[in-house]
Amino acid sequence: MSEYSLSIYACELAAQVIRDVISDGAPLDRAYSRQFAGLKLAPAQQAQITRVVGEIIRRLNFYCYLAHVSLADAGKHAADLLMAWHAYRQLPSPGWQQAKAIDAKTLALRLQHADSVAALRDGCPAWLDELGQRQLGDSWAAERAALAQAPKRYLRTNLLKCDRNQLQSRLAKEGISAGAVEGVATALEVTSDAALFRTDAFKDGWFEQQDAGSQHVADALDVTPGMRVIDACAGAGGKTLHLAAKMQGKGRLLAMDVEQWKLDNLKARARRAGAHNVETRLISSSKTIKRLKLSADRLLLDVPCSGLGVLKRNPDTKWRDTETRLPVLQALQAQILDSYSRMLKVDGILVYATCSIMPDENRQQVDNFLSNHANFRLLDDENISPARSGFDGFYLARLQRIAE
Ligand SMILES: C[S@@+](CC[C@H](N)C(=O)[O-])C[C@H]1O[C@@H](n2cnc3c(N)ncnc32)[C@H](O)[C@@H]1O
């Protein structure tokens, strides 16, 4: 992707997004929606801003170092970070009054140092570097570098409406180029800057935006039309909709979550996708789960996790309290596995999934569960590595219930 300087207008918008995320704690996607709402930005201009902001937040410590700004003050100095980005890319400064210019000699000295400290070059805070090293050993360096790259844009073809070739042609007619992703039957990679959600193909429910790695999760559940399937941590339904398509709209697919607003979103998405066999249910107490005892042929537990596999897409996670939340999340994952697995029928298959690459949230949880549940066995598990696949990082384990 060739880079060019931001206009002053784009700098102002980009700085505001950085401030929203770093100073106000807004999630990155929400900060974009807030700042872009009501503006008539051209898709290329919007894409340029999101590319630059994404890059700065992915490597916030690196750009703070180049701009000589402390991490704690990064939000206040968003303008300086943007100037550091221009200087690093050797692009002409936009001539923005608010920002401090960096002279070439100072930049060269700072770059020499930053390049020699791998965690700084890869935008990795110290706590994460220590965790990655402890959990992944020798493979951490490659994962850390992969997680510092810009995410690609992937779509999942909605097989309830079209096949992948039809989607590709329709998008081409709407001016969007997208190529098939090898090894992921429903995935297309979008290669042009495009306002995807304004396309007719989207409005007609032909696709959802979903990382190619994430598309493996529903595949692993091996559903067939007519089954009773529960997606117990469904959120806004990324994987529910994929499961509905694999069930060809036949059978019963129950999407559950503890947040009603997510289930409301899911309902709207299901309507657009033509997924008519999806029912939603709020988990309001443990009774909701108990009532579904031994009821599911397939059970997806896409549990709340640290998100440390999807840092390309959600880099703000690195600069929040993720480290202190980890023990709480791990306890919740264990509790969900223990209690929700009761919903599975004997012989049924459960998929435990996270968007983390850390074994403590992944295989370790599965091993702990199996050591206390002799009525389940592990069929197989898979680590989707950002370094090896180029996709976001995920973990999935397939377990079978062998006795009540
Ligand atoms: C990783 S997200 C799910 C993403 C979703 N499956 C998708 O594909 O879009 C985890 C979800 O678990 C939900 N959650 C949190 N605590 C839960 C609990 N105790 N029981 C069920 N769901 C829970 C969260 O609200 C969140 O939507």
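**Close-up views of a predicted model**

**View 1. The stretch that UniProt lists as a domain.** In this predicted model, the chain over residues 143-404 is 33% helix and 25% strand, and the C-alpha atoms at the two ends of this stretch are 40 Å apart. Residues 143-404 are those that UniProt, in an unreviewed entry, lists for "domain: SAM-dependent MTase RsmB/NOP-type".

**View 2. Domain 2 and domain 3 where they touch.** The domain assignment of the protein chain gives domain 1 (8-123), domain 2 (153-209) and domain 3 (215-401). Taken over C-alpha atoms, the centres of domain 2 and domain 3 are separated by 25 Å, and 10 residues of domain 2 are in contact with 10 residues of domain 3. On the side of domain 2 that touches domain 3, the residues divide into 4 nonpolar, 3 polar and 3 charged.

**View 3. The crossing of helix 4 and helix 6.** Two packed helices are described by the angle between their axes and by the distance between those axes. Here the axes of helix 4 (residues 60-67) and helix 6 (residues 104-116) come within 9 Å and cross at roughly 145°, and the crossing in which helix 4 passes helix 6 is right-handed. Helix 4 contributes Phe62, Tyr65 and Leu66 to the contact, while helix 6 contributes Leu107, Arg110, Leu111 and Ala114. Sorted by character, the residues of this contact of helix 4 with helix 6 comprise 6 nonpolar, no polar and 1 charged.

**View 4. The surroundings of the ligand.** There are 16 residues around the ligand, and of these Cys233, Gly235, Gly238, Lys239 and Asp302 come nearest. The shell that these residues form around the ligand divides into 8 nonpolar, 3 polar and 5 charged residues.

**View 5. Two positions that UniProt marks as a binding site.** In an unreviewed entry, UniProt places the feature "binding site" at Asp257 and Asp302. Although these positions are spread over 46 residues of sequence, they cluster in space, with a largest C-alpha distance of 10.6 Å. Asp257 has its place in strand 6 (residues 252-257), whereas Asp302 has already appeared among the residues that come nearest to the ligand.

Methods. Residues are numbered from 1 along each chain as its sequence is written. This is a predicted model: local features need pLDDT of at least 70, side-chain atom pairs count only at pLDDT 80 or more; totals for chains, interfaces and linings use all residues. A residue is near a molecule or strand if its C-beta atom, placed from the backbone, lies within 6 Å of it. Ala, Val, Leu, Ile, Met, Phe, Trp, Tyr, Cys and Pro count as nonpolar, Asp, Glu, Lys and Arg as charged, and the others, Gly among them, as polar. Axes are lines fitted to C-alpha atoms, for helices over the stretch in contact, and angles run from 0 to 180 degrees between N-to-C directions. Helices (H or I, at least four residues) and strands (E, at least two) are DSSP runs, numbered from the N terminus. A crossing is left-handed if the near helix is turned anticlockwise from the far one by less than a right angle, and right-handed if clockwise. Two residues are in contact if their C-beta atoms, placed from the backbone, lie within 7 Å. UniProt positions are given in the numbering used here, feature names are shortened, and annotations may be inferred rather than shown by experiment. Domain bounds come from an automatic or database domain assignment.
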